[in-house]
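Colleague: Before the labels in this description are accepted, I should like to hear the reasoning behind them. May we take them one at a time?

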Amino acid sequence: MKLPIYMDYNATTPIDRRVLEAMMPYLTEHFGHPSSRNHSFGWAAEAAVEQAREQVARLINAQAPKHEIIFTSGATESDNLAIRGVAYAYKARGNHIITQKTENKSVLDTCKALQKEGFEVTCLDVDQYGMVDPEAVRAAITGKTILITIQLANHEIGTIQPIADIAKAAQEKGIILHSNAAQAVGKIPVDVQALGVDLLSISGHKFYGPKGIGALYVRRKRPPLKLSPIITGGGHEKGFRAGTINVVGAVGMGRAAELALELLPEEALRIKALRDRLEQGIVSSNEYIHVNGHPEKRIPNTTNISFEYIEGESFLMGMKETALSSGSPCTSATLEPSYVITATGKGPELAHTSVRFSLGRFNTEEEVDFVVERVKQTVQRLREFSPLYEMVKQGIDLSTIQWTES
Ligand SMILES: *Cc1c(COP(=O)(O)O)cnc(C)c1O
């Protein structure tokens, strides 16, 4: 077993060797521009990009790859294109957007920016498991609503949202539905037909493809869905996204999509078994340990655990041989409690002490057992220094204590 152990697959994944092999020729001999129509260099690049489009389309069951898959630089850009694109294209119809509190920052911050421009945003609450109520979505729809954006799976706690039910509400009222599926693709089956979404964001580096490539699925509709481009220039990607396509990235994401489709049924089971072994091992190793997120409706690789009386950052320092994350990667530098855990109704004592373990293709049972043992030791050691834990052990109810100001 090699140290350190990587258990942060929700942040990013390594490129699978098979993906790298597919990419290599497009860095050297097949370097052409896919829009060069007059020579074989261009034709080879275009053929590769179109094949990648088909591979990505197959993974999410899109019907018309040529029309429905737009390559972007990643899920952040896809989210921006979907949300800003709809907001600007439909602002004559209305100015209201519906989202929810545990979205990735690429959605929340984009909605916030639009709010400053005069759009109205409803940010729905989630329940204790991080789940949105489809009825709450339905109730939030007004005559001015133009877009609903709800993620498929959460990056921190892994909760899977009831998108198909939300889609029913959206369709009844004729409202465009976008879903950020960056954490779902490659981990659970994702079928844009079954989900009923109009727009769906994905990211290559979350499923063993390279960083810097993503896609936005845009449902082919009549009349066609309008999207105002956020990057303008040459009319690449049907005018939705100007700029030379990241050919080698698209080839890599395409191959990664093909692998994900092929491996998913077996891989999801194997990783879920490892995740459950890890979770049970940790929860039974000490007291005052809580699992966050939905018990069943959760992506199979993720467990998010709060360790009461232990500060998340100290825990991570104590777990140096394991790559983990506390809070979301975007906020972990600021030492703020996790906004996702906070949204599920947990107080700061749990939101501050949450740690995300996210497993993937290259984890082993040996690594899981090693990590369980290390967690057990680290928790015991850190609690020895915790005055709060001491008091709890002495039977003092912390909620009854009058903390005096000094
Ligand atoms: C990783 C991630 C993103 C950002 O994707 P990039 O391709 O890195 O821009 C957005 N949303 C979620 C849920 C993610 O997990």
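Modeller: Certainly; please bear in mind that the model is predicted. Asn 61 lies in the loop between helix 2 (40-60) and helix 3 (65-68).

Colleague: Why is Asn 61 called partly exposed?

Modeller: Partly exposed covers the range between under 20%, which is buried, and over 50%, which is exposed. Asn 61 has a relative accessibility of 31%, and therefore counts as partly exposed.

Colleague: What is notable about the phi of Asn 61?

Modeller: Phi of Asn 61 is positive, about 60 degrees, although the residue is not a glycine. Most residues other than glycine have a negative phi.

Colleague: Which other residue has a positive phi without being a glycine?

Modeller: Tyr 208 does, with phi near 75 degrees. Tyr 208 is found in the loop between strand 7 (199-203) and strand 8.

Colleague: What makes Tyr 208 buried?

Modeller: The limit for buried is under 20% relative accessible area. The value for Tyr 208 is 6%, so Tyr 208 is buried.

Colleague: How do you know that the peptide bond between Leu 3 and Pro 4 is cis?

Modeller: The omega angle of the bond joining Leu 3 and Pro 4 is about -5 degrees, and the bond is cis. Pro 4 is placed in the segment before strand 1 (5-6). A cis bond also joins Arg 222 and Pro 223, where omega is about -5 degrees. Pro 223 belongs to the loop between strand 8 (214-218) and helix 9 (247-283). Most peptide bonds are trans.

Colleague: Turning to the ligand, what makes the pair formed with Gln 183 a polar contact?

Modeller: A polar contact requires N or O atoms within 3.5 Å. A polar side-chain atom of Gln 183 lies 2.6 Å from an oxygen atom of the ligand, so the pair meets that limit. For Ser 203, an N or O atom of the side chain is 2.7 Å from a ligand oxygen atom. For Asn 104, a polar side-chain atom is 3.3 Å from a nitrogen atom of the ligand. The ligand taken alone exposes 380 Å², of which the protein buries 85%.

Colleague: Which residues surround the ligand, and how many of the shell are nonpolar, polar or charged?

Modeller: Among the surrounding residues are Gly 74, Ala 75, Ala 182, His 155, His 205 and Lys 206. By class, the shell comprises 2 nonpolar, 9 polar and 1 charged residues. Ala counts as nonpolar, Lys as charged and Gly as polar, by definition.

Key:
Residues numbered from 1 in each chain as written. Predicted model: local features only at pLDDT ≥ 70, side-chain atom pairs only at ≥ 80, totals over all residues. Heavy atoms only, no water. Helix = DSSP H or I, 4+ residues; strand = E, 2+ residues; numbered from the N terminus. Buried < 20%, exposed > 50% of the residue type's maximum accessible area, 1.4 Å probe, protein only. Near = heavy atom within 4 Å. Polar contact = N/O pair within 3.5 Å; in protein donor to acceptor, adjacent residues only side chain to side chain. Areas by Shrake-Rupley, 256 points an atom, 1.4 Å probe, with all protein chains shown as cover.
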